[in-house]
Amino acid sequence: MKHQGKRPEFKKPKKGTFGRVIKTLFQCYPVLVPVAVFCILFSAVAAVVPDFIIQKVIAVIEEYSKTGDWAGAYPKIIEYIVFIAILYAVALAVTVAHSQLMAYITQGFLSKLRIKMFKGMQVLPIRYFDTHKHGDIMSHYTNDIDTLRQLVSQSLPSLIRAGSVVIGVLFAMLYYSLWMTLVVIFGVILMMLVSKKAGGGSAKYFIRQQKSMGKAEGYIQEMMNGQKVIKVFNHEIECIDEFEKINEELCEDSRKAHSYANVLGPIIGNIGNILYVIMAVAGGLFIATGAKNISISGFAFSLSIVVPFLNMTKQFTGNVNQLSQQINSIVMGCAGADRIFSLMDEKEEEDDGYVTLVNAEIDEGGNVIETEKHTGKWAWKHPHGDGTVTYTPLKGDVEINDVTFGYVEDKVVLHNISVYAKPGQKVAFVGATGAGKTTITNLINRFYDVEDGKIRYDGINIQKIKKSDLRRSLGIVLQDTNLFSGTVMENIRYGNLDATDEECINAAILAGADDFITRLPKGYETELSNNGSNLSQGQRQLISIARAAVADPPVMILDEATSSIDTRTEAIVQRGMDRLMKGRTVFVIAHRLSTVKNSDVIMVMENGRIIERGDHNSLIEEKGKYHQLYTGAFELQ
């Protein structure tokens, strides 16, 4: 399949994203984060303080060199050296503690974010997954999380440390000499102008790189899922060509991002070296000419000022360089965080229902009594505004009254649909693809909500029923099967996690799946993987039907449940479905009319409207569209 997707647009992260990362970090670890920040600040102080000590050591040497009495200088010099050694030892211990803390904080923070994302994803409406590429969603958990990891574990600590050192060194330089500080500041301004000119486009391409990466992952996942189709139609070369185009976009965005970013280091580093030489020359000239120093310290120009000043110049320019390099990492991390937060901020599926499903018992007088124990009988618990509660037995009576619906505005899919399904009835929908058959079932289980009209379940408007309780009362078998990694037994039990092994086996027998399952290498304990790729399509569908059977719902929805099954297997499934639908309301969507012949009511749909309704015999007698379909005079498309 050829993708003509647009090139990812440049879009800056939302304002406040960086602040939100910091806020969320503090919320996750309100004690450990301040401790880690303290460790970073301590290491920054440890980087600045030695310059003061060096100045004092040189001042002592200058003082005692004039008198030649070195005996008095040694104790002071040793004292300063011991102080620096202790400072460095403590700084080393603090740095080790900080690195361990940041590893713990970073991984814990990302773990909590992944959990929040996954929890949020579980309550998103189906519409979100219908309109977003799954590979791009997966990219939130991989690429975006990784860029955020770099932001939290590397860029943020480096930013705090480098910023603290720059501020500390600036005050230290002002303390010793205003003139020399102004020379350094002039050089740094030059560095910033050059870095802005040389690396101004890197942020744009780092953001674009994230989007290109999500696009590439989405394409790879789609191609993995469609490998059989690709090979059947011999489209390997076309797929490779298309991926090369997508990969070239990613490569180009990444290359530009890193080329802009990588040029900054050498440029700023060399400007720093030039500034170092200028400072050495300027300091020598100040000393030689006896220039008057302006400083808080009151010191005159001397070697004790110039030598530590040169070291401070290196530190200042080096940390400014570090800050400039971290900007791109922070922008990229914020771009990843922005995508993560966008998923977390997606509006969850609305559910204003208040009618719930409860276990029930029926007393001798026919009254419904709520109970905690599982009785196999259910009732709708309906609280009212006056404080009273009524109970309605769950029967599976479904009424669809004058429903009009469209997935998007100005495009109506269903027009004034009315269907009445009494408990135990089998209602079938037939018609061409796009006629609106599956849309009706999407509305019954509230994957989407109706715009006009009403759907009632046992006389209750389904919009008053909590979605989780509504869906618990429905069993759905889709055309596309989804099996999970695990045993056959675990996949069947997915329909009812409280079901016993015996109940799962009985459900498999009911669905007609027991015969082939017992012939598997380990029977019900056979491991499945890759959506049950070691089973045939028909076998996967039978397990899917057994999963619905173990849930034992009063209403079953079969959406093309037998479309992928061969004729022989269809006969087995049909016998199982006949047993399964006994006493249940069943909605069937089918292309094979042989599967709907015994339905109580058959609805023939066309362009979102019901054009015929009746049982098989009455529709044949009408000699309308159903008669044409059944006799082959007209084929479903």
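Partly exposed, as the term is used on this tour, describes a residue whose relative accessible area falls between the under 20% that counts as buried and the over 50% that counts as exposed. The model on screen is a predicted one.

**Stop one: two strands joined by charge**

Select glutamate 370, which at a relative accessible area of 32% is partly exposed because that value lies between the two limits. Its partner is lysine 381, and the side chains of the two residues meet in a salt bridge with N and O 3.4 Å apart. This pair links distant parts of the chain, with glutamate 370 in strand S2 (residues 368–370) and lysine 381 in strand S3 (residues 378–383), 11 residues apart. Lysine 381 is likewise partly exposed, with a relative accessible area of 25%.

Next, select lysine 347 and glutamate 350, which form a salt bridge whose closest N and O atoms are 2.7 Å apart. Lysine 347 has 60% relative accessibility and therefore counts as exposed. Side chains of opposite charge can pair when their charged atoms come close. The count of salt bridges in the model comes to 17, and a network of them is found by selecting Asp351, Asp352, Arg446, Asp449 and Lys466 together.

**Stop two: asparagine 445**

Move to asparagine 445, in the loop that runs between helix H11 (437–444) and strand S8 (452–457). Is this residue buried or exposed? Its relative accessibility is 2%, so asparagine 445 counts as buried. If you display its side chain, you will find that it reaches the backbone nitrogen of phenylalanine 447 at 3.1 Å. Setting aside neighbours within four places in sequence, the residues in contact with asparagine 445 are Leu470, Arg471, Leu474, Ile476 and Ile557.

**Stop three: the nonpolar cores**

The largest nonpolar core holds 40 residues, and those to select for the most contacts with other members are Val488, Ile492, Phe516, Ile517, Ile543, Val596 and Tyr626. Helix H16 (residues 537–551) supplies the largest share of this core, with 7 residues. Apart from this core lies another, of 35 residues, including Val419, Tyr448, Val555 and Val601. Returning to tyrosine 626, and again leaving aside neighbours within four places in sequence, its contacts include Val430, Leu593, Val596, Ile602 and Val604, as well as Glu612 and His616.

**Stop four: helix H16 and what follows**

Now select the whole of H16, whose 15 residues reach 22 Å from the first C-alpha to the last, close to the 21 Å expected at 1.5 Å a residue. Of those 15 residues 12 are buried, so the helix is largely enclosed by the rest of the structure. Among the buried residues are Arg540, Gln541 and Arg547, alongside Leu542, Ile543 and Ile545.

H16 is followed by aspartate 552, which has a positive phi, near 50°. The side chain of aspartate 552 meets that of arginine 584 in a salt bridge, at 2.0 Å from N to O. Aspartate 552 sits in the loop between H16 and strand S13 (555–559), and arginine 584 in the loop between helix H17 (567–580) and strand S14 (585–589), so this pair ties together parts that are 32 residues apart in sequence. With 9% relative accessibility, arginine 584 counts as buried.

**Last stop: two cysteines**

Finally, select cysteine 251, which is partly exposed with a relative accessible area of 34%, and then cysteine 334, which counts as buried at 7% relative accessibility. How many disulfides does a search of the whole structure find? The search finds 0 disulfides.

Key:
Residues are numbered from 1 along each chain as its sequence is written. This is a predicted model: local features need pLDDT of at least 70, side-chain atom pairs count only at pLDDT 80 or more; totals for chains, interfaces and linings use all residues. Side-chain values use heavy atoms; hydrogens and water are left out. Helices (H or I, at least four residues) and strands (E, at least two) are DSSP runs, numbered from the N terminus. Buried means under 20% relative accessible area, exposed over 50%, partly exposed in between (1.4 Å probe, protein chains only). A polar contact is a pair of N or O atoms within 3.5 Å; within protein, one must be able to donate a hydrogen and the other to accept it, and residues adjacent in sequence count only if both atoms are side-chain atoms. Contact means heavy atoms within 4.5 Å. A nonpolar core is a set of buried Ala, Val, Leu, Ile, Met, Phe, Trp, Tyr and Cys residues joined through side-chain atoms within 4.5 Å. The expected span of a helix is 1.5 Å times one less than its number of residues. A disulfide is a pair of cysteine sulfur atoms within 2.5 Å. A salt bridge is a side-chain nitrogen of Lys or Arg within 4 Å of a carboxyl oxygen of Asp or Glu.
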